[in-house]
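Let's walk through this protein chain together. Have the sequence and the 3D view open, and look up each residue as it comes along.

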Amino acid sequence: MTATAVPRRKRSALRRGQAISGWLFTAPILVILGLFLLVPVLMAAWVSVSDWSGRGSPLSPNVNFVGGENYAELLAGGGLAERDFGMSLKNNLWYVLLVVPIQTAVALSLALLVNRKFLRGRGFFRTAYYFPSVTSSVAITVLWLFLFSTTGAVNQLLSYIGITGPNWFNDPSGIFHFGIEQGPPLLTDNTALGVSWWDWIGGPSVAMSAFIIMAVFTTSGTFMLLFLAGLQHLSEDVEEAAMVDGANPWQRFWRVTLPQLRATLFTVITLGLIGAWQVFDQIYTGTRGNPAKTTLTPAYLSYSSAFINQEWAQGAAIAFILFAIIIAFTIFQRWVLRERAVSKRRMRWLNVKTPKARSSR
C-alpha cells in the first residue's frame, strides 16, 4: 500500500512541477499579449458602446454607457452613417467575392506549374512570382495609379486592340451595369443599409476593379508558396496508383491532388478572407474612398470615422462589426471545406463492390 502510494505522489509532484515550468515559460508572452492585445481590444469594446469623444481617458467618469446606439446608427440609423457603412460593405463584399477565388486559383495554378520536376529555372520563376508579395504595398499602389491612369500603360495597350480604356480611378460606375444609367424601380426604390438593390448588384466600380487586379497580382505569390509546400509533401504512391488505373491528369487533380490539399486550401482561403476584408493601405494611398465612395471599405471607414471625423465610438463599432463578419465568413468556409463522413450505407456498398471488382480483375 505504501509502496504504491509513494510513486503516485512522486508522479503527481512531477506533473505539478511540469505545469509550473510550462506556465513560467509562457508567462512573458502571455503578459505581452495581455498588455498589447487583450487590453486594447477590451478598451475598444467599451468605446464602441460608450459616448467617448476622444478627449481624456475612455475610462473616466464623464464617459457614459450608451449600449448599442453606435451599432444601431450604423445598421439602421437611416442617415449618412448607415449609407456610408452600407456602401463600404457593398464595395468590400464584391472585393472579397472576386479576389479570394481568383487569387486562390491563380496561386494553385502557379504552384502546380513551378512544382514540375522537369521545369527549367524553377527557382527563377518561384522568385519572380513571389517578388510582388514582398514589395511595399504603398509602392505597388503608386505604380498602379500610374499604370491605370487615363494615359497610362494599361489604356495604351487596350488602344492597340481598339478598346478605349476607362478613367480607372475616377469612374464610379458598377462593372455589371453594362452602361445602363437607370435600373428598374423595383431595384432602385428598395434599399439595404441605405444602398439601393441596384447598386448592390452592380458589382464593384471600375476604380475598385483596379484594386482587385492589384490584390490578385500582389498576393498570389504568397499563397503560391503555401500550395507549393503542400504539393511537395503529398504522397506519390496515390498519384502513381491513379495513373495505373488510367486516370487522366484532370481526374488525378480533382480526385487525388486537390482532396489532399484540403488543409492548405483552408489556410489559404482563411488568410485570403482576412486580408480581403481588412484592405486599408491601398485605399488610403490610392483613392481614400473616392470616386463617389465606391472604393470605401469598412477598414478605411473605421479609420476615417475615428481619426478624421473624431467619431471614435462609431469607428470602434465598425471595427467590431468587421470582426464579426470575418468570423462568420471563416466559419462558413470551414463548413464548406469540412471532411464529410461516408454514410454506413455507402460503406456497405463499397465493401460489397470491392471484392467483386478485385475478383473480376
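This is a predicted model, and its mean pLDDT is 87, with 92% of the residues reaching 70 or more. One stretch you shouldn't lean on is residues 349-361, where pLDDT stays under 50. For that stretch the model has one contact beyond four places in sequence. Where pLDDT is low, the predicted coordinates should not be read in detail.

**Overall build**

- If you count up the secondary structure, you get 16 helices and two strands.
- The C-alpha trace spans about 70 × 70 × 45 Å along its principal axes.
- The radius of gyration is 27 Å, while a compact globule of 361 residues would come out near 21 Å.
- Among contacts with a separation of 6 or more, 67% link residues that sit 24 or more positions apart.
- Of the 361 residues in the chain, 34% are buried.
- About 22200 Å² of the chain is exposed, and carbon and sulfur atoms supply 66% of that area.

**The nonpolar cores**

- The largest nonpolar core has 58 residues, and Y95 and F227 are the ones touching the most other members.
- Several helices chip in at least two residues each: α2 (69-76), α3 (80-114), α5 (137-147), α9 (206-232), α11 (249-260), α12 (262-277), α14 (298-308) and α15 (312-336).
- Which helix gives this core its largest share? That's α3, with 13 residues.
- Try clicking on Y95: leaving out residues up to four places away in sequence, Y95 touches V100, M208, F211, I212, A215, A276 and V279.
- Another core, of six residues, lies apart from the largest one, and its members include V47, A306, W312 and A316.

**The salt bridge**

- Side chains of opposite charge can pair when their charged atoms come close.
- How many salt bridges does the count come to? Just one.
- The partners are K293 and D84, and their closest N and O atoms are 2.7 Å apart.
- K293 sits in the loop between α13 (281-286) and α14, while D84 belongs to helix α3, so this pair ties together parts that are 209 residues apart in sequence.
- Are the two partners buried or exposed? K293 is partly exposed, at 34% relative accessible area, whereas D84 counts as buried because its relative accessibility is 13%, under the 20% cut-off.

**Unusual backbone spots**

- Most residues other than glycine have a negative phi, and most peptide bonds are trans.
- The peptide bond from N290 to P291 is cis, with omega near 0°.
- You'll find P291 in the loop between α13 and α14, and K293 is found in the loop between α13 and α14 too.
- K293 isn't a glycine, yet it has a positive phi of about 65°.
- Q310 also has a positive phi, about 60°, without being a glycine.
- Where is Q310? Look in the loop between α14 and α15.
- Q310 is partly exposed, with a relative accessible area of 43%.

Conventions: Residues are numbered from 1 along each chain as its sequence is written. This is a predicted model: local features need pLDDT of at least 70, side-chain atom pairs count only at pLDDT 80 or more; totals for chains, interfaces and linings use all residues. Side-chain values use heavy atoms; hydrogens and water are left out. A nonpolar core is a set of buried Ala, Val, Leu, Ile, Met, Phe, Trp, Tyr and Cys residues joined through side-chain atoms within 4.5 Å. Buried means under 20% relative accessible area, exposed over 50%, partly exposed in between (1.4 Å probe, protein chains only). Helices (H or I, at least four residues) and strands (E, at least two) are DSSP runs, numbered from the N terminus. Contact means heavy atoms within 4.5 Å. pLDDT is the predictor's confidence in each residue, from 0 to 100. A salt bridge is a side-chain nitrogen of Lys or Arg within 4 Å of a carboxyl oxygen of Asp or Glu. The radius of gyration is taken over C-alpha atoms; the globule rule is 2.2 Å times the number of residues to the power 0.38. Accessible areas come from the Shrake-Rupley method with a 1.4 Å probe; for residues, only the protein chains shown count as cover.
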